[in-house]
Amino acid sequence: MIGVVTLTTDFGLADSYVGIMKGVILGIAPGAQIVDITHQVRPQHVQQGAYIVQSFAPYFPPGSIHIAVVDPGVGSARRAVALSTPEASFVGPDNGVFTYVWRDGLARWGVEQCVAVELTEARFWLPHVSATFHGRDVFAPVAAHLACGVPLNQFGPRIPGLAEVELDEPAAEKDGSLSGRVIHVDHFGNCIMNITREHLTGFDTETLRVEVAGQRVTGLARTFADASSGTLIALFGSDKRLELAMRNGNAAAALGVDIGERVRVMR
Amino acid sequence: MIGVVTLTTDFGLADSYVGIMKGVILGIAPGAQIVDITHQVRPQHVQQGAYIVQSFAPYFPPGSIHIAVVDPGVGSARRAVALSTPEASFVGPDNGVFTYVWRDGLARWGVEQCVAVELTEARFWLPHVSATFHGRDVFAPVAAHLACGVPLNQFGPRIPGLAEVELDEPAAEKDGSLSGRVIHVDHFGNCIMNITREHLTGFDTETLRVEVAGQRVTGLARTFADASSGTLIALFGSDKRLELAMRNGNAAAALGVDIGERVRVMR
Amino acid sequence: MIGVVTLTTDFGLADSYVGIMKGVILGIAPGAQIVDITHQVRPQHVQQGAYIVQSFAPYFPPGSIHIAVVDPGVGSARRAVALSTPEASFVGPDNGVFTYVWRDGLARWGVEQCVAVELTEARFWLPHVSATFHGRDVFAPVAAHLACGVPLNQFGPRIPGLAEVELDEPAAEKDGSLSGRVIHVDHFGNCIMNITREHLTGFDTETLRVEVAGQRVTGLARTFADASSGTLIALFGSDKRLELAMRNGNAAAALGVDIGERVRVMR
C-alpha cells in the first residue's frame with residue numbers, strides 16, 4: 001500500500017497552488033493518502049513552519065512523508081533536501097524548516113538512523129523546473145517517488161547536516177527566573193511558548209508566576225475549564241509546552257501579544 | 001473496505017490540530033477516507049456546531065462516522081460519547097453538539113435503533129490522554145476503531161440520553177405570526193432560520209411577510225436568480241429552511257444581522 | 001480503480017456545502033480520491049473561477065474529473081454541462097467557468113476530441129433537485145458517475161459549444177506597447193496578468209518596462225530571491241504568466257491594486 005503524504009505550506013487556500021501539488025503527487029503515486037496539515041503558516045515565516053512540522057509528525061503512522069514548503073529563497077542557491085528518521089521522511093527546502101524534527105531525530109535515534117540527502121537527481125522532478133514553485137516541480141514529485149518506495153539515497157548525495165533556524169531556547173536568568181518567548185499563537189488565541197516541562201524542573205507549579213505584557217498569572221491550571229470565563233490562565237497545552245489561554249476568550253487579543261513576545265516565569 | 005470518517009470542529013485551519021487528528025486516525029485505520037466538513041464553527045459555539053452536524057449527515061453513505069469537536073468543557077466532567085443510528089455513527093463530547101441528529105434519529109427510527117454509549121474504555125484511546133485535546137486523544141482513536149469495525153457497545157456502557165442544547169424552536173404568536181431566529185449565516189451572507197416548511201403550513205407563500213432588523217420581504221422566491229441584483233429575498237434554501245438572501249450581495253452584511261437575530265413571519 | 005475528482009467553488013470553508021458534495025460523491029463512487037482545489041473563488045466571480053480551473057488541470061493525471069461551481073445563475077435557465085478532453089473531464093454550470101480549458105482543449109486536440117454535453121439525464125442526479133444547490137444535486141452525482149465509468153454521452157445530448165466569459169486578452173497599442181490586466185491576486189499578493197511569453201515576443205526582457213498604478217518596473221527578474229526585500233519586481237510566474245511581486249512583501253497591497261487593474265508593458 002502506498003502511504004501517507006502530508007503538506008505544510010504558507011500557500012493559503014485561495015489559489016490552486018496546493019491543488020496543483022496534489023495533482024502532481026497523484027500522477028506519480030495514484031493511491032497516496034494526502035493530508036493537509038496547514039497552508040496558513042505565516043508567509044515565509046520559516047521559524048513558525050519549523051514549529052508546526054515538529055508538532056504533528058509524531059502522531060502519524062511510521063513511514064509517513066511530510067512535505068514542508070515555506071520557501072522565501074526558492075530559485076536561489078538554497079539546497080533542496082529530503083531526510084528520514086525511523087519515524088518519517090521529510091521533503092522541502094534546506095532553510096531551517098526541519099530544524100526541530102532533525103534535532104529531535106538525532107537526539108532520539110542518533111546520527112546512524114537519521115539520514116539527510118540533497119535533492120540533485122533531476123529524474124525524480126518534473127521535466128521543467130521553474131524558478132518560483134519548487135513545491136510543484138521538485139518537492140511534490142520527490143515525495144511521491146518516496147511514497148512509491150524509491151530509497152532515499154537515490155535522490156542525491158548524503159549531506160552531514162541541515163541549515164537551521166535560531167531556536168530561541170529559553171534562558172535561565174540570574175534571579176532564578178526563566179525567560180522565554182511566544183512561538184505560536186493558535187486559532188483560539190492561545191499563546192504557546194518555547195518552554196516545556198523540562199525547562200520548569202524545580203519550579204513549584206502552584207506558586208510560579210508567568211509574566212507577559214505586563215500581566216501576571218500565578219500557578220498552572222490543568223485545563224481550560226478550570227478557570228472562570230474571561231480569566232487568563234497558564235497551563236501545559238496539548239503539545240506539552242507552556243501556554244497562556246483565556247477561558248471563552250482570546251488570550252493573544254486580550255494581551256495584545258503575538259509570536260516573538262517575551263515571557264518570564266518566576267519561582 | 002474501511003469507511004468514511006468526517007471531521008467538524010472549531011479548530012480553524014492555521015494550526016496542526018486537525019492534521020494531528022488525521023494522523024491518529026490513519027495510524028489506527030490506514031485506509032480510512034477522511035473528509036473535512038468544516039473547522040470554522042465559531043469557537044466553542046456548540047449550538048452552531050449542532051446545526052452543522054445535522055446539515056450534512058444525511059448526504060453521506062450509510063455507516064459513515066462523524067466526529068464533532070466543539071468542546072469548551074474539555075478536561076472537565078462532561079462525558080465523551082458515541083452514538084449510532086441506522087444511518088451513521090457520531091463521536092464527540094456530550095455537550096449538545098449532537099442534539100439535532102439524536103432527536104432526528106429518535107423521531108425517524110425510534111429508540112430501539114438509536115444507541116448512545118459513554119466512552120469509558122481507555123484501551124481505545126491514545127495511551128496518554130491530555131486535559132485539553134480529547135479530539136486527538138479520545139475522539140479520533142475511537143472513530144478510527146469504529147471505522148475498523150469495533151462494535152459500539154465495546155466503547156463503554158449504554159446511556160439513556162444525551163446532553164442537549166436549547167434548540168430555539170420558532171413560536172406561534174397570538175396574532176397568527178411566527179417568531180423565529182437566525183441560526184446560521186453562510187459564506188454568501190445568507191441568513192438561515194430555524195423555520196422549516198412544516199412551520200409555515202397554512203401561510204400563503206406569495207403573500208407572507210418576513211420581517212427582520214426593520215426590513216420586510218413579501219412572498220417567497222424560488223431561487224437567487226429570481227431577484228434583481230441587490231434585492232433582499234426570502235426563500236427555502238438547500239437545507240429546506242427559510243433563509244434570507246441578496247442576489248449578488250451579502251444579506252447578513254446589508255441587514256447588519258448575525259446568528260441569534262429575531263425574525264418574524266406574518267400571514 | 002476509481003479516479004480523482006477535484007472541487008473548485010466559491011462556497012468558502014465555514015459551511016457544510018463542500019462536505020455535503022463529498023458525501024454525495026462517496027455515496028456513488030466509494031473509492032473516489034477527492035481533492036479540494038480551492039473554495040475561495042470570489043463569490044460568483046465566474047471569470048476568476050475560469051482562470052483557476054485552467055491553472056491546475058494540466059497537473060492532474062489523465063482521466064481526472066474536475067467539478068467547478070461558481071454559479072450565480074443556479075436555478076435559472078442556464079444549462080448544466082459536462083465536457084471532456086483527452087486530458088480530463090469537467091462538470092459544472094454553462095456560464096463561462098470552462099472558457100479557458102475549453103478553448104485550450106480545442107486548440108490542442110481539435111474539435112473531434114473535445115466533447116461537451118448538456119446534463120439532461122435526471123437519472124444521474126439526486127432524486128430531488130433543489131433550485132439553489134446544483135453542486136449537491138446535479139454536479140456531484142454526475143461527476144461521481146463519470147468516475148465510475150459511465151460514458152459522457154449518457155448524461156445528455158452533445159452540444160456544439162459553451163457559454164464563454166470575456167477573456168480580456170491583452171491588446172497591442174499603436175506605440176508598440178502592450179496593454180493588459182491583472183486577472184488574479186494570489187495569497188502572497190502577487191499580481192498575475194493576462195500576459196504570457198508569447199504576447200511579449202519581440203520585447204527585450206532586460207529593458208522592457210511594466211507600468212501599473214503609477215509604478216514602473218524595468219526588466220524581468222528570474223525569481224523572487226533576485227530582488228532585495230521590499231522591491232517590486234516583474235517576472236514570469238509558475239503558470240508562465242507575467243506577474244508583479246514584492247520580495248518579502250505584498251505587491252497588491254503595496255500598489256493598492258486588485259483584479260481588473262490595467263497594466264502596460266513598454267519596449
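This passage looks at a sheet in chain A and at the interface of chain C and chain B. The model is predicted, so local features need pLDDT of at least 70 and side-chain atom pairs count only at pLDDT 80 or more, while totals for chains, interfaces and linings use all residues. Residues are numbered from 1 along each chain as its sequence is written, chains are lettered from A in the order in which they are written, and side-chain values use heavy atoms, with hydrogens and water left out.

In chain A, seven strands (DSSP runs of E, at least two residues, numbered from the N terminus) form an open sheet with mixed pairing, in the order E2-E1-E3-E5-E4-E6-E7. Strands E2 (33–38) and E7 (158–159) of chain A sit at the edges with a single partner strand each, so one side of each has no neighbour in the sheet. Pairing here takes at least two DSSP bridges between two strands. Strands E4 (residues 80–84) and E5 (residues 88–93) of chain A run antiparallel over five bridges, and Leu83(A) stands opposite Phe90(A) in E5(A).

Turning to the interface, 30 residues of chain C touch 30 residues of chain B, contact being heavy atoms within 4.5 Å. Together these chains bury about 2500 Å², 57% of it on carbon and sulfur atoms; buried area is the accessible area (1.4 Å probe) lost by two parts on being put together, summed over both. Asp15(C), Leu26(C) and Thr132(C) supply 20% of the area that chain C buries against chain B, more than any other three residues. As for salt bridges (a side-chain nitrogen of Lys or Arg within 4 Å of a carboxyl oxygen of Asp or Glu), the rule finds zero across this interface of chain C and chain B.

Terms used. Helix = DSSP H or I, 4+ residues; strand = E, 2+ residues; numbered from the N terminus.
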